[in-house]
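User: I would like to learn how burial and strand pairing are read from a model. Could you take me through a case?

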Amino acid sequence: MKHPQPYALPDPVSPHLAARRAGVALELGVIRRWVDQHQASWVLIETAGGLLSPIGPNETNLDLALSVEPDGWLLVGVDRLGALHDVAACLLALRTRLSTTPHRLVVLLQTPAVPDASTGTNAAELRVLGVESMVVTMPRGVPTSPACQAAARAVLSHFT
């Protein structure tokens, strides 16, 4: 690999805890320089944990995302009870930091392994309540299944 990733943290916990356990400190400048070394039409960053998960003292995944100046945003949540709050809270934080509604934003709701009474209703409710209009539900299943492929195409069409 020409430009190996700057951090590969093995523990599936909050980024700040994974870094601490690995004996490293995550630095936004290091990540930004790594992203800048790659040429791409657009950049998709998958963060560990949610938008406001800490990556270090006084820094969150939102700070990380803002540091690479994304052209678009993909917020991923679980289609279950609490999804309306989670999405609304993330969007409030994002809009507050940007001082505007982000350009090219998609909310992707993943179907949980164990559905609850709200599963299957949250995407429509986000639209009806005016929280977000571009919402895609990703069904559980094999990534190559027609339903998963259709959801992936819906997300990608918003970014290309």
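Analyst: The turns below treat a helix, a pair of strands and a loop. This is a predicted model, in which local features need pLDDT of at least 70, side-chain atom pairs count only at pLDDT 80 or more, and totals for chains, interfaces and linings use all residues. Residues are numbered from 1 along each chain as its sequence is written, and side-chain values use heavy atoms, without hydrogens and water.

User: Which residues of α2 are buried?

Analyst: Buried means under 20% relative accessible area, exposed over 50%, and partly exposed in between (1.4 Å probe, protein chains only). Helices (H or I, at least four residues) and strands (E, at least two) are DSSP runs, numbered from the N terminus. In α2, the buried residues are Leu 28, Ile 31 and Val 35. They line one face of the helix, because they fall within an arc of 65° when seen down the axis of α2; the arc is that of the directions from the helix axis to the C-beta atoms.

User: In which sense do β3 and β4 pair?

Analyst: Two strands pair if DSSP finds at least two bridges between them. Here β3 (residues 73-78) and β4 pair in the parallel sense over six bridges, and Gly 77 has Leu 109 in β4 as its bridge partner. Strand β4 (residues 105-110) is largely enclosed by the rest of the structure, because five of its six residues are buried.

User: Is Gly 49 buried or exposed?

Analyst: Gly 49 lies in the loop between α2 and β1 and counts as exposed, because its relative accessibility is 58%. In the loop between α2 (28-36) and β1 (54-56) one also finds Trp 42, which counts as partly exposed at 32% relative accessibility.
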